[in-house]
Amino acid sequence: MDKIIVEERQGNPTIKKSKKRNLKKLYLESYGCQMNFSDSEIVASILDKHGYQTTRNFLESDLILLNTCSIREKAETTVRTRLKSFNKIKKNNPKLIVGMLGCMAERMKESLLEQEKLVDLVVGPDAYRDLPNLIQEVEGGQKSVNVLLSREETYADISPVRLDNNGVSGFISIMRGCDNMCSFCVVPFTRGRERSRSPLTIVAEAKQLYDQGYKEVTLLGQNVDSYRWNINKKGEKIEESNPTTNFSELLEMVALVASDLRIRFSTSHPKDMTDDVIHTMNKHKNICNYIHLPVQSGSSKILKKMNRGYTREWYLDRIQSIRKIIPDCAISTDIITGFCDESQEDFKDTLSLMKKVKFDFSYMFFYSERPKTLAERKYEDNVPEKIKRTRLQRVIDLQREHSILSNNSCVGKVMEVLIDGVSKKSDLDFRGRNSENHKVVFPRENATIGTYVNVLIEKCTSATLIGKIV
Ligand code: 5AD
Ligand code: SF4
C-alpha cells in the first residue's frame with residue numbers, strides 16, 4: 001500500500017491566549033513530510049501576530065488552511081477531496097476563507113482557484129510572510145496567489161508556534177529546498193533551490209525548546225548532509241572573516257545545547273553522508289543511534305536513471321561505515337518499486353540489497369509519475385501498475401520480516417526510553433522511543449511524560465517493543 005502520512009496537528013491548548021482583541025480562528029491541516037508540519041508551525045506563528053488563534057474545530061474557524069504535499073499523486077487526490085468537503089461548509093458560512101499552502105500551490109493554482117473554485121487563497125512554501133496581506137486581499141473580495149520561490153528565505157527569525165501537544169519532541173528546519181534533481185522527484189520544483197539557515201539561529205531555537213521543557217529535537221532538511229553555512233559548493237569560504245559550518249559541525253553545536261536533549265535528523269543522502277557525521281554521532285551520547293538513509297533501489301542501473309549520484313556498491317559502503325563506527329545504529333530507508341525500465345532483475349537487486357542490509361524500518365512506495373520531473377519528460381512510465389503494486393507488496397513483506405528481526409534483537413535488553421505520551425491502545429500504558437527510534441510501550445508506574453526511563457523489553461510485535469520500567 002502506498003504510504004502517505006496524513007495527520008492533523010492543529011491547535012495547542014497550551015498556547016498562551018493572545019491579548020489582541022477580535023481574535024480570529026485558524027484551522028490548519030498538514031499533509032506529507034515532517035517539513036510540512038514544521039512549515040505549518042511557521043505559518044501559525046506569522047498568523048498569530050496578526051490575530052489568528054489556532055483551533056481544532058474547523059466548524060468554528062474563520063480561516064482554513066491546508067498545507068499540501070505533491071510527492072505522489074495519491075497525496076494530491078486526498079487534498080482535493082478534503083477541499084471539496086470544506087467547500088460544503090462554505091455554503092453556510094460565506095465569510096469562511098479556504099486556502100491552500102505548500103507543495104501543490106504552484107502546480108494547482110489555476111485549476112483549484114480559477115476553474116474548480118475550491119480555494120480563495122494559494123500560497124507557496126516561500127511566501128508565508130505574505131499571508132496576512134493575501135488574506136486581506138481575499139477579505140476585500142479578491143482571489144489571492146503568491147507562489148514565488150526564493151533563493152534566500154529560511155524563516156530563520158520566526159519562532160514557530162508549536163502545534164504538537166506533547167511538549168516533548170520538536171522539529172527544527174535547518175535548510176529549505178533541494179538541488180539534487182532525482183529524476184522521479186517533484187520537490188526541487190515545488191520547494192525550490194537549496195538554502196541553509198544560520199547555525200546560530202538553529203542553536204538558539206534548540207535552546208528555546210529545551211528551556212520550554214522539550215527533550216528531543218529533530219533537525220530537518222531534504223538533504224541534511226549538504227547543509228553548509230558560509231561555504232560554497234566547491235568547499236570555499238564565502239565571507240573570509242566568518243567561520244564556516246557543515247552538517248557534522250552543526251550536529252555537534254546542537255548536541256552541546258544540553259546533554260539530556262536528544263538530537264535526531266532527517267533526511268540523510270547516501271551520496272553526501274560523510275564519516276565525519278557518523279563520528280560526531282558516536283561522540284555524543286545524546287545524538288540518537290538512528291539514520292534514515294533512503295536507497296530508493298538496489299540496482300545501479302535504476303539508481304543512475306533516478307539520478308541519485310551513487311551506485312549499489314557505494315550505498316553498501318556507507319552502510320558498512322555506519323556499522324563499523326556505530327555497531328548498534330538503527331538504519332531505515334525509502335524504497336520505490338516500478339520506476340521506469342525496472343526489470344525483474346533490477347527488482348531482485350532491490351530485494352537482495354534489503355536482505356544484505358536488513359533495515360530496521362522502511363517507507364515503501366510504488367513509483368508515481370510527477371509533472372515537470374526529468375523522468376516525466378524523458379522516460380516512459382513503463383512498468384504496469386499491477387507489477388508496481390505486486391513488487392511493492394513483496395518489499396513490504398520482506399521489510400516486515402526484517403522489522404521483526406530488529407525488534408526481536410531488543411528483547412531481553414534494558415533500553416533508555418523518552419516518554420512522549422499515553423499509549424493509543426491503553427490509558428494504563430505510556431509510549432516512547434529508544435535512541436534507535438523503536439516504538440516502546442510499557443505500564444505507566446509513577447513515571448511522567450517528557451522523562452527518560454529504563455525499560456526492560458519483554459516481547460515485541462513487528463511494529464512495537466513491549467516491556468516494563470526497571
Ligand atoms: N513516486 C514514488 N515515491 C516517491 N518519492 C519521491 N518521489 C516519488 C515518486 N514520484 C519517495 C522517495 C522519497 C520519499 C520522500 O518519497 O522514496 O525518498
Ligand atoms: Fe527529492 Fe532527491 Fe531532493 Fe530527496 S534528494 S527531495 S528525493 S530530489
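1. Helices here are DSSP runs of H or I with at least four residues, strands are DSSP runs of E with at least two, and both are numbered from the N terminus. With that in hand, start at N92, which sits in helix α2 (residues 73-92). N92 counts as exposed, because its relative accessibility is 72%. The cut-offs are simple: buried is under 20% relative accessible area, exposed is over 50%, and partly exposed is in between (1.4 Å probe, protein chains only). From N92 to I322 you travel 230 residues in sequence and 57 Å in space, C-alpha to C-alpha.

2. A quick word on what you're looking at. This is a predicted model, so local features need pLDDT of at least 70 and side-chain atom pairs count only at pLDDT 80 or more, while totals for chains, interfaces and linings use all residues. Residues are numbered from 1 along each chain as its sequence is written, chains are lettered from A and ligands numbered from 1 in the order in which they are written, and side-chain values use heavy atoms, with hydrogens and water left out.

3. On to salt bridges, meaning a side-chain nitrogen of Lys or Arg within 4 Å of a carboxyl oxygen of Asp or Glu. How many are there by this rule? The count comes to 36 salt bridges. One of them pairs K143 with D120, with the closest N and O atoms 3.7 Å apart. K143 is in the loop between α4 (131-139) and β7 (144-146), and D120 is in the loop between α3 (104-115) and β6 (121-123), so this pair ties together parts that are 23 residues apart in sequence. K143 is partly exposed, since its relative accessible area is 39%, whereas D120 counts as buried at 9% relative accessibility.

4. Now look at R197 and E205. Their side chains meet in a salt bridge at 2.6 Å, N to O. Are the two partners buried or exposed? R197 is buried, and E205 is too.

5. R389 and E385 make another pair worth finding on your screen. Their salt bridge spans 2.8 Å, N to O. Both residues belong to helix α13 (residues 385-408), and they are 4 residues apart, about one turn of the helix. R389 is partly exposed, with a relative accessible area of 43%, and E385 is partly exposed with a value of 43%. Elsewhere, D39, D126, R176, R191 and R195 are joined into one network by salt bridges that share partners.

6. Next, the surface charge. Which residues gather in a patch of positive charge on the surface? They are K424, K425, R433 and K439. A patch takes residues with over 30% relative accessible area and no salt bridge, joining like charges within 9 Å and nonpolar side chains (Val, Leu, Ile, Met, Phe, Trp, Tyr) within 5 Å. Lys and Arg count as positive and Asp and Glu as negative, with His and the chain ends not counted. A charge is placed at NZ of Lys, CZ of Arg, CG of Asp or CD of Glu, and accessible areas come from the Shrake-Rupley method with a 1.4 Å probe, where for residues only the protein chains shown count as cover. Within this patch, K424 lies in the loop between β18 (414-422) and β19 (429-434), and it counts as exposed because its relative accessibility is 80%.

7. Have a look at the backbone too. The peptide bond from S266 to T267 is cis, with omega near 10°. T267 is in the loop between β14 (262-266) and α8 (275-283).

8. Two residues have a positive phi although neither is a glycine: Q296 at about 75° and K372 at about 80°. Q296 is in the loop between β15 (290-292) and α9 (300-305), and K372 is in the loop between β17 (361-366) and α12 (374-378). Q296 is buried, as its relative accessible area is 6%, while K372 counts as partly exposed at 44% relative accessibility.

9. Last, two glutamates and what they touch (contact means heavy atoms within 4.5 Å). E252 lies in helix α7 (residues 247-255) and counts as partly exposed at 23% relative accessibility. Not counting residues up to four places away in sequence, E252 touches T280, K283 and H284. E236 is in the loop between β12 (228-229) and β13 (245-246), and with neighbours within four places in sequence left aside, E236 is in contact with N230 and I231.
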